[in-house]
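Trainee: I would like a close look at one part of this protein. Please take me through the metal site and what surrounds it.

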Amino acid sequence: MTDDRKNLSCAAFQAQLPELIGSGENVASHPHFQSCELCRALLADLETIAEAARQLFPIVEPPDELWEQIESAIKNEDGRTDSGPTGQD
Ligand SMILES: [Zn+2]
């Protein structure tokens with residue numbers, strides 16, 4: 001009833017983003033994008049990756065591993081901006 005999707009945090013939204021894209025929904029019309037520039041930029045990145053993948057693997061649906069890689073790429077980027085380099089090695 002309440003439109004909870006609008007109130008998702010970016011982390012929660014990005015966690016389900018690969019699934020949304022994989023499901024073939026029109027992800028760009030998701031309410032979160034209407035209010036979140038950050039995730040719109042992220043979607044553009046993902047679309048670039050997905051487009052490149054489609055050219056490499058001419059199949060309808062990318063393999064699950066691809067989305068896992070994208071997911072971990074998102075998490076890596078998150079960690080970078082959040083905690084910065086440790087530099088104590
Ligand atoms: Zn967001």
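Trainee: Before that, what share of the 89 residues in the protein is buried?

Mentor: Buried residues make up 24% of the 89. Keep in mind that this is a predicted model.

Start with the frame. The protein has four helices and zero strands. From the N terminus on, the order of elements is α-α-α-α. The accessible surface comes to about 6700 Å². Carbon and sulfur atoms account for 51% of that surface. Take contacts between residues at least 6 apart in sequence: 48% of them join residues at least 24 apart.

Now the metal site. The zinc ion has these protein donors: C10 through SG, H32 through NE2, C36 through SG and C39 through SG. They lie 2.0 to 2.3 Å from the ion. Along the chain, the donors follow the spacing C-x21-H-x3-C-x2-C. Distant parts of the chain are linked here by the pair C10 and C39. C10 sits in helix α1, residues 10–22, and C39 in helix α3, residues 37–56. In sequence the two are 29 residues apart, yet their C-alpha atoms are 7.0 Å apart in space.

Why is the arrangement called tetrahedral? The four donor atoms subtend angles of 100 to 121° around the zinc ion. Four donors count as tetrahedral if all angles lie between 85 and 135 degrees. The site is therefore tetrahedral.

The cysteine donors can also be sorted by exposure. The cut-off for buried is under 20% relative accessible area. C39 has 0% relative accessibility, so C39 is buried. C36 is at 10%, so C36 counts as buried too. C10 is at 26%, so C10 counts as partly exposed. None of this involves a disulfide: the structure holds zero of them.

Stay with C39 for a moment. C39 lies in helix α3. Leaving out residues up to four places away in sequence, C39 touches C10, F13, Q14, H32 and F33. Among these contacts, C10 and H32 are also donors of the zinc ion. F13 and F33 lead on to the next topic, as both belong to the largest nonpolar core.

That core has 16 residues. F13, L17, V27, F33, L46 and I70 touch the most other members. Helices α1, α3 and α4, the last spanning 64–83, each supply at least two residues. The most comes from α3, with six residues.

L46 shows how parts of the chain meet. Apart from residues up to four places away in sequence, L46 touches L17, I21, I70 and I74. Two of these contacts, L17 and I70, are also among the core residues that touch the most other members.

Finally, I21. I21 is placed in helix α1. Its relative accessible area is 21%, so I21 is partly exposed. I21 and L46 are 25 residues apart in sequence, and their C-alpha atoms are 9.2 Å apart in space. Setting aside neighbours within four places in sequence, I21 is in contact with V27, L43, L46 and W67.

To trace the path on the model, begin at the zinc ion and its donor C39. Go from C39 to F13 and F33. F13 and F33 are in the core, as is L46. From L46, step across to I21.

Note on methods: Residues numbered from 1 in each chain as written. Predicted model: local features only at pLDDT ≥ 70, side-chain atom pairs only at ≥ 80, totals over all residues. Heavy atoms only, no water. Donors = N, O, S within 2.8 Å, 3.2 Å for Na, K, Ca; no water. Tetrahedral: all angles 85-135°; square planar, octahedral: opposite > 155°, others 65-115°. Buried < 20%, exposed > 50% of the residue type's maximum accessible area, 1.4 Å probe, protein only. Core = buried A, V, L, I, M, F, W, Y, C linked by side-chain atoms within 4.5 Å. Contact = heavy atoms within 4.5 Å. Disulfide = S-S within 2.5 Å. Areas by Shrake-Rupley, 256 points an atom, 1.4 Å probe, with all protein chains shown as cover.
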